[in-house]
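Good morning, everyone, and thank you for making the time. I would like to walk through one structure, so please have a look at it before I begin.

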Amino acid sequence: MMVLGGVEYSDNTNIAVWDLDVGNSLTLTTESFNMHQVAPDTLTYNRPWKLPGADEIPLFSAAHFSRHPKDSSISFNYVAKLKWRFLKPIEAMFDFYQYTSTAEGRVTERKIVSIPTPLDDMRIIHQFAVTENYLVIPRWNYKFDFVFDLSMMKKLAYMCEAFKFEYNKPTYVDIINIRTGRRVQFQLPIQKAVHGMNSFERTNGQGHLEVVMDFPTLTNPRDMDLNEHCLFDIYNIPILTDPERLYNSIPWNTTLRRFVFNMNTNEFDIEDFPQAWRPKDSHVEFPFINPNYNGKDYCFVYFQQWQFKTEEMDLMKYDLCSKQAITWHEDNKHVLEPVFVPKPGGNEEDDGIILAQVYDSATKKSELCVWNARNLKLIARYDNKVQVPYTVHGSWYGE
């Protein structure tokens, strides 16, 4: 919680930690427009993250950076920032930066590209991916509806005031060359999606370069009018548990969808994976893969499988190669976002464990559970000592 300009802001638990200050501070990014630096040893608050440009302020940031998949002594991080300039005319744009951390502890910043965005169609970039040579940036139809006056502060404080869905324009996907900044834009039929599974490059049978982007999407993007019902309120527990609310009657049908972009012809294909899980009317979200396969061709994805009608939250593993799914379920147990931890020295893609917080709605207690990533066999469970609510995001930080 913070107060800025007399307005109280709250943030959620989707926090990512980055070393962009050569060890002097840790930079924390979240789903709000706020980015902060804290002391690495004590976590004492230092200052907001300084943005380049005195005439620019952030409106929204990507919740996470994305790391380059290629092994190197240099790591690459990217962040998107939506901002405007206090000049005439007002401009809004997304900036993409490359942060390079060397083995010697130096950090350098390089702007890759700026993407202008119309003020009346300011799309939200919640998450983007990195392949070996490209940034893959979906701009779904979620957008900010801002009037640039004092009312904007209220809208920033309560996102439902500013959050709208554009039903009359296409979904945009920008694919940007990391080295040159060259941008190719694809226009897709309307899609509803939030969190990505993975993206990677491949060569097709004609020798053309293809960029693949995988996302869980709402099967019918017109199910639930997001201009009447705010997406942020969907995860509000009192609303979720109210039997009179609409979530008991909406199917919440998810499709795992693959978008294939041909970089030679500028054409695209959309492929749907079969719904191998049961029941089919499930909210399949919060995907997580073996992080060693980020930006590479892969098979296995782990999800939270949520049935809004019964409030059941299960753990699911989907095999994109065999198109099969397996699920872990216990009555009254609600699995939050799963995290894959690779086995040191493991040779197989699913050689590792899955970690997730699990809430017990019967006992009102929470525990950390550990599963074998290969077969979802429960290995261990640990009492959290504190209650962890629904829908908390998860992260894993190795040594």
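**Rings, cores and sheets**

Let me start with a cluster in which W140, F215 and F259 are linked by ring pairs, where rings of Phe, Tyr and Trp (its six-membered ring) count as paired if their centres lie within 6.5 Å, and where planes under 30 degrees apart are called stacked, those over 60 edge-to-face and the rest tilted. Before going further, I should say that this is a predicted model, in which local features need pLDDT of at least 70 and side-chain atom pairs count only at pLDDT 80 or more, while totals for chains, interfaces and linings use all residues. Residues are numbered from 1 along each chain as its sequence is written, and side-chain values use heavy atoms, with hydrogens and water left out.

As an overview, the protein chain contains 3 helices and 31 strands, these being DSSP runs numbered from the N terminus, with H or I over at least four residues for a helix and E over at least two for a strand. The chain has 399 residues, of which 53% count as buried, and buried here means under 20% relative accessible area, with exposed being over 50% and partly exposed in between, for a 1.4 Å probe and protein chains only. If we take the contacts in the protein chain with a separation of 6 or more, 54% of them are between residues 24 or more positions apart, a contact being heavy atoms within 4.5 Å.

Coming back to the aromatic rings, the structure holds 11 aromatic pairs. One of them is formed by F96 and F128, which meet edge-to-face with 5.3 Å from centre to centre and 85° between the planes. This pair links distant parts of the chain, since F96 belongs to strand β10 (residues 92–101) and F128 to the loop between β12 (122–123) and β13 (129–130), 32 residues apart. Both F96 and F128 are buried. Another pair is that of F200 and Y298, whose ring centres are 6.1 Å apart with the planes at 80°, so this pair is edge-to-face. Because F200 lies in strand β19 and Y298 in the loop between β23 (283–288) and β24 (300–307), the pair ties together parts that are 98 residues apart in sequence. F200 is buried, with a relative accessible area of 1%, and Y298 counts as buried at 2%.

Which residues touch the most other members of the largest nonpolar core? They are I175, M213 and F261, in a core of 34 residues, where a nonpolar core is a set of buried Ala, Val, Leu, Ile, Met, Phe, Trp, Tyr and Cys residues joined through side-chain atoms within 4.5 Å. Strands that each supply at least two residues of this core include β17 (171–177), β20 (209–218) and β21 (254–262). Leaving aside residues up to four places away in sequence, I175 touches Y134, L135, R182, R183, V184, F186, V211, F261 and M263. There is also a second, separate core of 15 residues, and L256, W277, V284 and F303 are among them.

Turning to the sheets, there is an open sheet of 4 strands in the order β19-β20-β21-β22, with antiparallel pairing, and two strands are said to pair if DSSP finds at least two bridges between them. At its edges stand β19 (198–203) and β22 (268–272), each with a single partner strand, so one side of each is left without a neighbour in the sheet. The antiparallel strands β21 and β22 are joined by 5 bridges, and across from β21 we find D272 of β22 opposite R257, and I270 of β22 opposite F259. The hairpin of β21 and β22 has 5 residues between the strands, and there N266 takes a positive phi near 60°.

I will finish with two polar contacts, meaning pairs of N or O atoms within 3.5 Å, where within protein one must be able to donate a hydrogen and the other to accept it, and where residues adjacent in sequence count only if both atoms are side-chain atoms. H195, in the loop between β18 and β19, is buried with a relative accessible area of 11%, and its side chain makes a polar contact of 3.0 Å with the side chain of E285. N384 is found in the segment after β31 (378–383), and a polar contact of 2.3 Å joins its side chain to that of Q357.
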